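Here are a few friendly notes to read alongside the structure. They are meant for someone opening this model for the first time.

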Amino acid sequence: MSGRWHADGARGLLMALRPEGKEEGRARQVRSRRKETAVVSSLHPVARNYKQERFTPGMQSARSLNSKIRRSASMASLCSLVEDNRGELNNVNVATAFYMLAKLQPRRAGAGGEERMEMQESLAVLGSQAMEMISFFDQQQVANVLWSIAKMDRPACDELVVALRRRAAVLMLRGEFAPQHVANSLWALAKLGERIEGELARAVRTAMLKEVEGLSAQETATSMWAMAKVGFDPGEEVMRTLVGHANEIVASFNAQDVSNFLWASAKLGYVPEEATMVKLRRRTSKIAGDFSAQGIANVLWAMGTLSSRTGRMAEEEMVRAVCARACEVCEQFNGQAVANSFWSLAKLGAANQQLVVGLTRRMMEVADSLKAQELSNILWAHARLGLTFGEEGLLLLTRRASRVSHLFNGQNVANALWAFAKSGRTPCPQLYRQLKDRALQLEEELRPQEASSMLWSLAKLKDRDETLVLRLLRPPRRIASLNAQGVANVLWALAALEVKPEEEAMATLMARAEAMAPHLNDQATAVCVWSLEKLGEKKRAFSLAFGGRREGLREMPEVM
């Protein structure tokens, strides 16, 4: 009888005592050696002093140490283990210790400085050893260490993060990164604010296409969220593959998955197929009561963004369910969630009265923390929906806007001025002056749409500030990039304010009007003809596309 010992307890003993032929016994020994060699070869040299046929005491010691690390009940005991065994740690031990540091890190406010110091010392040891043995890290160890660093808010591990990115790219391109580890690594990179570019970008695309079928609902949504969070566009093929996979598993999405998936789709500018959207709407409506405050705010924002991009209104049942949940939790909204929710309602054309009341109440509570973008969105949304703030609400908003007006960008200024003009309500003199001053400061950076919106607003407010008007028309390249509606708005504003632009600006504007003529609807064409005649440009008014449009234009036409 021939046989050999298997290290699996009773089963191993039975296998060893089982009779087997000479050839079968030799084949079994070869397979066993290959397996042991494969396992050991993934370990750092500390654990690789082995005989070919069995694990050595060194490896058994590493396993025992790993078990102790996992059983650490406190930061102190874990740090002691790391310090006492710093020369014996292999790559598995290092990855496990990182994971346990993240799990045991002090979370309470004012946690003892001694405990944090011990943690930093252990991190220094582990980080140094991880750098030495990074080429031995497998997919799980890479993912676990990245996850741990992200959980600990990147504790002075920049060099290690770079090394882990490289190792992840190598393993992904080899096809040695399981779906779970891809998702976890992407989440960690997003939390760390790491850009996905170069070799890592190619590796992520490769891994996503190869491993997508193995992703769970959570991993699918998390991967989408992570890529959107860092602004990584994986490309049409990857998005189509990911969304196609999501279509098959939407029924298993929980509230967080739905929120992450919709937010990521909107952020990446990818509109899922209608069949997928139908499933997502049904799933959202069904589990609406499970969404957190942040989750429901993200869903609202995604609905508004996707609706704006597609030109299709969201399904009424879904809007109703989402708004109902938002009403229940809006007292937990931060300033961004309040502003985004108002903006989304405006984009959806859904002035849900109960939600508007709740959002307005919360807006007044967080007014002092609102940022420039949030103030701009709230003002714009109220004007778009035809809502009024009430004296107290308007006072709080204008005071806050006045304090942070120096932080407004071009879009913020344009939105705020447009909101006041659209509502027909004159802004407080101080804020209005600050907004105009800010527009002058930003004149070189303004985009065509922003400049045309500001001009339209000045005209609606009957503010003949010739200096600002003429400077908004510079430089000529901005006018030369106006879209059809922008051309109509600028011409109407100049005519309404009776401000004649400089010849170069007028020539550029007219050339742009002629280029945009095929895209002008009847109303916009009428506006352009009336405006040119009002500005004394009759010849230009009758030129090209405008030639047959002059009859019946004795009064000022309406313009959007």
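The points below walk through the enclosed spaces and the helices around them.

1. A word on the source before anything else: this is a predicted model. Please keep that in mind as you read on.

2. How many cavities does a search of the whole structure find at 30 Å³ or more? There are 2 of them. The largest has a volume of about 160 Å³, while the second largest holds about 50 Å³ of space.

3. Let us begin with the largest cavity. Its lining is made up of 13 residues, and those nearest the centre are Met277, Arg281, Leu306, Ser307 and Ala314. Two helices, α14 (274-286) and α15 (293-310), are the elements that give two or more residues to this lining. Of these, α15 gives the most, with 5 residues.

4. What kinds of residue line the largest cavity? By class, 9 are nonpolar, 2 are polar and 2 are charged.

5. Now for α14 itself. The helix has 13 residues, so at 1.5 Å a residue it should span 18 Å, and its end C-alpha atoms are indeed 18 Å apart. Its buried residues are Thr276, Met277, Leu280, Arg281, Arg283, Thr284 and Ser285. Two of these names, Met277 and Arg281, are worth finding on screen, as they also appear among the residues nearest the centre of the largest cavity.

6. Which helices do the buried residues of α14 pack against? The partners are α12 (236-249), α13 (255-268), α15 and α16 (316-329). Thus α15 is a packing partner of α14 as well as a contributor to the lining of the largest cavity.

7. α15 deserves a look of its own. With 18 residues at 1.5 Å each, the helix should span 26 Å, and the distance between its end C-alpha atoms, 26 Å, agrees. This helix is mostly covered, with 14 of its 18 residues buried. After α15 comes Gly311, which has a positive phi, near 80°.

8. The second largest cavity lies elsewhere along the chain numbering, with a lining made of Pro448, Ala451, Ser452, Leu455, Leu472, Leu473, Arg478, Ile479, Leu482 and Val490. Both α23 (448-460) and α25 (476-479) supply at least two of these residues. The largest share, 4 residues, comes from α23.

9. Is there a charged residue to look for in that second lining, and how many of each class are there? The lining has 8 nonpolar, 1 polar and 1 charged residues.

Definitions and conventions
Residues are numbered from 1 along each chain as its sequence is written. This is a predicted model: local features need pLDDT of at least 70, side-chain atom pairs count only at pLDDT 80 or more; totals for chains, interfaces and linings use all residues. Side-chain values use heavy atoms; hydrogens and water are left out. On a 1 Å grid over the protein atoms alone, a cavity is a set of points where a 1.4 Å probe fits but cannot get out, and a pocket is an open set with protein on both sides within 12 Å along at least five of seven lines; lining residues have an atom within 4 Å of a point. Grid points are joined across faces, edges and corners, and a volume is the space filled by probe spheres set on the points. Ala, Val, Leu, Ile, Met, Phe, Trp, Tyr, Cys and Pro count as nonpolar, Asp, Glu, Lys and Arg as charged, and the others, Gly among them, as polar. The expected span of a helix is 1.5 Å times one less than its number of residues. Buried means under 20% relative accessible area, exposed over 50%, partly exposed in between (1.4 Å probe, protein chains only). Contact means heavy atoms within 4.5 Å.
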